[in-house]
Amino acid sequence: MSARLRWLLAAALLLVVAVPLTILFLRTHERVTRVETLPPQGEARYNPLYVLGQALRADGVETRARPRLDLTAMALQPHDTVVLLQDSAALPPPTARALLDWVDRGGHLIVRTPPIPPAELDANGPLLDMLGVDSTTQGSQCAPFDVADNPDHIEFCRGRRFDVGPPDGTRITHQWGDDTHGQVFARLRRGAGTVDVLADLDFMLNAAAIGGGGFDPTSGVDGLHDKAHRDLTRYVLAPNYGKGTVWLVYGTRPPSLWQRVFQDGWPVWVPLLLALLGWLWLRAQRMGSLLPSPTMERRSLLEHVRASGEHLLRYGRAPLLYDAVREAFLNRLRRRAPTAAALGGDAQIHAIATLLQWSHDRVRTALQPPAAHDVAGLRDRIRLLIQMRNLL
């Protein structure tokens, strides 16, 4: 078969298989477009006013965001605007007084009532006290906000309503609420500036606020996405809009390194933690009561001496045993009878026999080495030497 024919057969086989599979795929599958909303990243994760800041910058308004109110670093100028999402009850009296002095010079302050529940139920904070705002006796209730597209629209469901009794030099130019449930919005004219007090600022947030003044970055609710919220935001920002810098004090801090590691790094640290716990479990001692150590096999000194003698006797080293016992006898003889020890030959045998009152033949037998393989003679001579040593 030629190469050209082989290629033609391969192509025909491919068409026979590929065409039915393609038709089957097109009949059983359908192209679908789906939009996935990703969680916020970067500053949008911890700044509830991030979308508001981006919208203002797109509109040509100079906007700066800060986590906390810092008058020294901010260096506020007349015609600036401060959106204070931070809990105003936590401001110290000197800071609140300096902030109102800036308002007197032409600043625009937007502040909310303390979030529910506050740290202290009977505390307004020094800033609201200086403005004559009392929010400790009013509860939380939604207020209707009529718009053309949605006449049943409601706002300010999460904040505390308040009463306003402005001090001398401060007057109310606009307020929204009723005498029964309290006010949800009040615009106060103070010197050359303006203070807007609101029950909450949820309509400005880029994520739904939660209890305690925080927000849920995963809720996907964009406060400025609603047209009514945008209209209300424009109205609140109107007094100094476009004249100065808008400062967005969002009152939250970026997540710490450990928080980021715990929340975002769990695919790494969870397996490592499990591996560590597994290794510790393998290295740990057996659970339960401690068992006594097994008894070690021990020998007495006499058993060691007997075993050593049997070892030497087994390997033909019997003369060493006899020499050791004979030397022990002679050492004691030198200490107890040095005269007999100094002698030699038959004279020494006679002296030892006289000292021990033994027969000469018995002493001579004990002092003469046995034959190399005479085990019985070795044992008899060692026995005699031990007896002679004990009698000295």
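Colleague: Which residue forms a salt bridge with Asp196, and how far apart are the closest N and O atoms?

Modeller: In this predicted model, Asp196 has a relative accessibility of 0% and counts as buried, and its partner, at 10%, counts as buried too. That partner is Arg187, and the closest N and O atoms of the pair are apart by 2.8 Å.

Colleague: How many residues lie between β8 and β9 in their hairpin?

Modeller: Strand β8 (residues 170-178) runs antiparallel to strand β9 (residues 182-190), and 8 bridges join them. Within this pairing, Gln175 of β8 stands opposite Ala186 in β9. The number of residues between the two strands of the hairpin is 3.

Colleague: Why do the buried residues of α14 line one face of the helix?

Modeller: The buried residues of α14 are Gly377, Leu378, Arg381, Ile382, Leu384, Leu385 and Met388. Because these residues, seen down the helix axis, fall within a limited arc, they line one face of α14. The face turned away from them carries the exposed residues Ala376, Arg379 and Asn390, and the arc that holds the buried residues is 165°.

Colleague: Which residue meets Arg364 in a salt bridge, and is that partner buried or exposed?

Modeller: The two side chains meet at 3.3 Å, N to O, and the residues, being 3 apart in helix α13, are separated by about one helical turn. Arg364 is partly exposed, with a relative accessible area of 26%. Its partner has a relative accessibility of 54%, which is over the 50% cut-off and therefore counts as exposed; that residue is Asp361.

Key: Residues are numbered from 1 along each chain as its sequence is written. This is a predicted model: local features need pLDDT of at least 70, side-chain atom pairs count only at pLDDT 80 or more; totals for chains, interfaces and linings use all residues. Side-chain values use heavy atoms; hydrogens and water are left out. Buried means under 20% relative accessible area, exposed over 50%, partly exposed in between (1.4 Å probe, protein chains only). Helices (H or I, at least four residues) and strands (E, at least two) are DSSP runs, numbered from the N terminus. The arc is that of the directions from the helix axis to the C-beta atoms. Two strands pair if DSSP finds at least two bridges between them. A salt bridge is a side-chain nitrogen of Lys or Arg within 4 Å of a carboxyl oxygen of Asp or Glu.
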